Amino acid sequence: MKMLENYIDGKSIPPLSGEYTDIINPSTGEAFAKAPLSGQADVDAAFEAAARAFKEWRKTTPGERSLLLFRAADALEARADEFVEAECQNTGKPVAFVRDAEFTGTVEYLRFYAAAARDLRGLAGGSFLSGFESTVRREPVGVCGLVSPWNYPLAMAVWKFGPAIAAGNTVVLKPSDTTPVTSLLAAQIIGEILPPGVLNVIAGTRETGRLLVKHPTPELISVTGSERAGIEVSASAAEDLKRVSLELGGKAPVLVFGDVDIEETAKNIAGAGFLNAGQDCEAACRVLVDQAIHDEFVEALVRAAENTSYGAPENTEATYGPLNSAEHLAKVEGFFADLPEHATVRTGGRGDRQNGGFFFEPTVVTGVQQRDRIVQEEVFGPVITVQPFSSEEEAITLANDVRFGLAAGLWTSNHDRVLRVSSELDFGKVWVNCHLEVAVEMPNTGYKHSGHGNDLSVLAIEEYTRVKHVMSAVSTA
């Protein structure tokens, strides 16, 4: 069995705690590796390395950081096959999806941050008081503690450490306890390019994450995770006034008006709801449809769901793979154990432990009501609910009536409606006649209980900087 190691101060090392945890292939339910179960000593060592490295890394120019990050992206790309194999084994995702979309996108994210390192902007300097000149410096925050999730392990890790390092910070990253493999591999490869201590990666459980957040060294904590995790991190970071950036859960409404191509729209929404087994904070999971086309649309959506397949990575016909873990499968099944009587499962609704894996059927549920748990809480599985609306105003009200505000979708051929409705939707991102398309140049931010802060775009790099005003007295001739 493969023994994984932490990456601290430019070296792969066994956990100082001496403890390990099993890493499970969710397609089979079998352990294939052991990862460090990092404790206080490991967290201390990682932050000590990051603090030492920051003294010099902060002095590097944007051009120097940019060049090194471009080299890092090239180094990852050169070992694409190794990353694809590792990610598929650790997550159970279809090979084609990881190879052609997820990993390719990850490399492009890192290249964007490499380029954006040289494009930070701010207020213009000038003489605002007679006899004084002002300039504005944008400086790195310092050492950053980062926590990445399990649904897109390597991509989300790059979303964290890419902009942080580009801005001149050093980092300690803790990947999810269930999916640390590719983050640790990336650290080994990138660590051959960056100075020791700039990028440190330690594996561990939620308790390791708590130690990271509570540690006195980091100036900023950035977390992508659940609503529960965000609340806990915010409370812990407040004890010593750390800056916090959070990208949390979602419950994306998808508003479908009566002027769409029903069959094509249903097919596209099913694709965006079932992608990655629905394990996406922005998944098209909550469909609101004009009651005039409700029944016809539901039938089309059910057909699309029944044409969606799932299976192990080597299954070339599979659209998606397993859920992350037995624990998460049980959570998704729990929504159906207490589904109210007025709701109807039109298709799916069951777990499937084929070959020991943690699969769940593509599912469509109708007849739900706004206060139902399955409407209000994030399922994070291949589950789409459908509700009718009778007016534009009702559609907006239903869409906004959840505590999350990460992303929404809007399907219509009426441009005036697009302008009206998109401005009223209380979400950080609104897709129009599409869903789950990602442009690294554009920000990814959330409202309400979906968190705050920015991933992607130059705003992500700004997230890891602080602003300093320098005012100088100017002598008269």
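## Close-up views of a predicted model

**View 1. Arg 210 is partly exposed, because its relative accessible area is 30%, and that falls between the cut-offs of 20% and 50%.** Keep in mind for every view that this is a predicted model. Which side chain does Arg 210 meet in a salt bridge? The partner is Glu 232, with 2.4 Å from N to O. Although the two side chains meet, they come from distant parts of the chain: Arg 210 sits in helix α7 and Glu 232 in helix α8, 22 residues apart. Glu 232 has a relative accessibility of 31%, so this residue counts as partly exposed too.

**View 2. Arg 417 and Asp 259 join side chains in a salt bridge.** Here the N to O distance is 3.2 Å. Look at where the two residues come from: Arg 417 belongs to helix α14 (residues 415-424), while Asp 259 is in the loop between β13 (253-256) and α9, and the pair is 158 residues apart. Is Arg 417 buried or exposed? Arg 417 is buried, because its relative accessible area is 17%, and the cut-off for buried is under 20%. Asp 259, at 30% relative accessibility, counts as partly exposed.

**View 3. A salt bridge connects helix α10 with helix α9.** The side chains involved are those of Arg 303 and Glu 263, at 2.7 Å from N to O. Arg 303 lies in helix α10 (residues 294-306) and Glu 263 in helix α9, so their salt bridge ties together parts 40 residues apart in sequence. Arg 303 has a relative accessible area of 39% and is partly exposed. Glu 263 also counts as partly exposed, at 39% relative accessibility.

**View 4. Asp 74, Glu 77, Glu 108 and Arg 111 form one network.** What joins them is salt bridges that share partners. Across the model, the count comes to 30 salt bridges.

**View 5. The largest pocket holds about 1100 Å³ of space.** It is lined by 37 residues, and those closest to the centre are Trp 150, Arg 206, Ser 226, Arg 228 and Ala 229. Four elements give two or more residues to this lining: α7 (206-214), β11 (220-224), α8 (227-238) and α11 (326-337). Which element supplies the largest share of the lining? That is α8, with six residues. Sorted by class, the lining of the largest pocket has 14 charged, 13 polar and 10 nonpolar residues.

**View 6. The second largest pocket has about 580 Å³ of space.** Among its 28 lining residues, Tyr 152, Leu 275, Asp 280, Leu 436 and Val 438 come closest to the centre. The helices α4 (95-116), α5 (153-166) and α9 (262-274) each give at least two residues to the lining. The largest share, six residues, is from α4. This time the classes split into 15 nonpolar, eight polar and five charged residues.

**View 7. Helix α6 (residues 181-191) is largely enclosed by the rest of the structure, because 10 of its 11 residues are buried.** Among the buried ones are Val 181, Leu 184, Leu 185, Ile 189 and Ile 190. Thr 182, Ser 183 and Gly 191 are on the buried list as well.

**View 8. Leu 123, Val 136 and Val 467 make a nonpolar patch on the surface.** Together they have about 300 Å² of accessible area. Zoom in on Val 136 and you'll find it in strand β7 (residues 132-140). With a relative accessibility of 35%, Val 136 counts as partly exposed.

Definitions and conventions
Residues numbered from 1 in each chain as written. Predicted model: local features only at pLDDT ≥ 70, side-chain atom pairs only at ≥ 80, totals over all residues. Heavy atoms only, no water. Patch = residues over 30% accessible without salt bridge, like charges linked within 9 Å, V, L, I, M, F, W, Y side chains within 5 Å. Areas by Shrake-Rupley, 256 points an atom, 1.4 Å probe, with all protein chains shown as cover. Salt bridge = Lys/Arg side-chain N within 4 Å of Asp/Glu carboxyl O. Buried < 20%, exposed > 50% of the residue type's maximum accessible area, 1.4 Å probe, protein only. 1 Å grid on protein atoms, 1.4 Å probe; cavity = no way out; pocket = protein on both sides within 12 Å on 5 of 7 lines; lining within 4 Å. Points joined across faces, edges and corners; volume = space filled by probe spheres on them. Nonpolar A, V, L, I, M, F, W, Y, C, P; charged D, E, K, R; others polar.
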